[in-house]
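Please open the model in your viewer and keep the selection panel at hand. The tour below proceeds one selection at a time.

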Amino acid sequence: MQRTIVGIDVGTTKVCTIVAQVSDAGSMNILGVGLTPSKGLDKGVVVNIDDAVNAIATSIEKAERLSGYRIGTAFVGVAGRHIASLNSRGVVAVQRPDHEITRNDVARAVESAQAVAIPTQREIIHVIPRAYVVDGHEGIRDPIGMSGFRLEVETHIVTGEVMAIQNLIKSVQKAGVEIDDLVLQPLASGESVLTAEDKDRGVMLVDMGGGTTDMAIFVQGGVWHTSVLPVGGTHFTNDIVYVLHTPHNTAEYLKLKYGSAIAGEPPAADDTSDLIDAETLTVGEKQQISRHLLNEIIQARAEQVVELIYNEIKRSGYEGMLPAGIVLTGGAAQLNGFDELVREMLGMPVRIGVPNDLTGLADSLDSPSYATGVGLLRWGARHGLSMLGPTHRSEERQGWGNVYERFKGWLREFLP
Ligand SMILES: Nc1ncnc2c1ncn2[C@@H]1O[C@H](COP(=O)(O)OP(=O)(O)OP(=O)(O)O)[C@@H](O)[C@H]1O
Ligand SMILES: [Mg+2]
């Protein structure tokens, strides 16, 4: 069976709407992509609804025109420094007299894991069961049908500020689209650039975008730690503006064309038309710029980002226990030498993750910038509202924010 799914990545620098046809077997045929510069966002969060609505609407229109598909609902990514996450365990006694574990037991266990104090200005975005424990036996992925007295579930819970979430929802709705579900951006990116084996072995996903760097650590197949840091590619550009006193577009141009996270490297650009000599660039109003100084500025910021990545690994408690290493994605992961810097500083395997296994208009998505957008589709295809037709979907949506309604949805998502 085929169905059409839409993902909208409302990023700090770009909005990207993707329409795809997915089959039950998991193949994904891209029907349309609508890309437009983002407006009204700061560090992953909507700060001006009207501007955000315009950008989102433009991106949606482009994707509709290209695909010939009228977009009614979409999976939408959420990020920003307001995001917080924690791990929580739920425990229940197995109910059936013969002690066979049922879906209902799992539901009650997950519900009890959710009984953690969430401040009133925050709401739950995800409750993701990671593993189950049956009568003390750890690491069970699917307990249904097993026998036991006591069922425990380990969950990863992601929360965000109500206002930030509402502003995002409002912006998408005002652009004429209802939300199938909100998905934490690094979890979406993980769907498109990590393999099941990466997640089993232990891996960290780092999505360095324009305004935020989003991270997710997976161990034994499940998500263990997530965080969103308010630093991204824009900070590199702003640093250049600040130190070299160039206009913003010049700084962005220099970064993209001559930037490197390792200051001593020779220039990577084939086109060296701005070079006076190997070390000196001339741009704009004949301003002369030392390539080495440019890259020292970039390296300083890159090192700071690597330190933040390291702090998150330490915070997760999995230092030295991520054999699959780090997968870098997001537009800013394309910074020359950044992967090498991460590898050198952290002594871990590092690769750059690009969405793959797509057909149709796939060429336009062949970049780390589209990890989140494609990941939203993968998330939708895997966990989404597969059993429901469009009319049911709208009922489902009215339940958004009603934790129990959504909770029933999550169960459908995470049980085989
Ligand atoms: N080749 C490159 N070298 C360095 N930086 C790059 C390169 N290509 C793109 N970038 C940077 O990537 C950033 C945009 O990345 P991306 O499209 O992933 O961001 P976003 O999804 O809009 O933002 P966010 O996820 O933070 O909300 C910009 O800051 C841009 O300058
Ligand atoms: Mg992004």
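Which residues does UniProt list for "domain: SHS2"? The unreviewed UniProt entry assigns residues 5–193 to that feature. The model itself is predicted.

Begin by selecting residues 5–193. Helix accounts for 28% of this span and strand for 43%. A distance drawn between the C-alpha atoms at its two ends will read 19 Å.

Next, select ligand 1 and display the pocket surfaces. Ligand 1 occupies the second largest pocket. Expand the selection to the residues around the ligand: the shell holds 20 residues, and the closest are T12, T13, E252, K255 and G331. Colour the shell by residue class. The classes comprise 14 polar residues, three charged residues and three nonpolar residues.

Now turn to the helices that contribute to this shell. Select α6 (233–244) and α7 (248–258); at least two shell residues come from each of them. Which element gives the most to the shell around ligand 1? That element is α7, which supplies three residues.

Finally, show individual atoms and inspect three contacts made by oxygen atoms of ligand 1.

- T12: a polar atom of the side chain is 2.6 Å from a ligand oxygen.
- G210: here a polar atom of the backbone lies 3.0 Å from an oxygen of ligand 1.
- A332: a polar backbone atom is again involved, with a ligand oxygen at 3.0 Å.

To close, compute the accessible surface of ligand 1 by itself and then with the protein present. The isolated ligand exposes 660 Å², of which the protein buries 87%.

Terms used
Residues numbered from 1 in each chain as written. Chains lettered and ligands numbered in written order. Predicted model: local features only at pLDDT ≥ 70, side-chain atom pairs only at ≥ 80, totals over all residues. Heavy atoms only, no water. Near = heavy atom within 4 Å. Polar contact = N/O pair within 3.5 Å; in protein donor to acceptor, adjacent residues only side chain to side chain. Areas by Shrake-Rupley, 256 points an atom, 1.4 Å probe, with all protein chains shown as cover. 1 Å grid on protein atoms, 1.4 Å probe; cavity = no way out; pocket = protein on both sides within 12 Å on 5 of 7 lines; lining within 4 Å. Sits in = over half its atoms within 2 Å of the grid points. Helix = DSSP H or I, 4+ residues; strand = E, 2+ residues; numbered from the N terminus. Nonpolar A, V, L, I, M, F, W, Y, C, P; charged D, E, K, R; others polar. UniProt positions renumbered as here; feature names shortened; annotations may be inferred.
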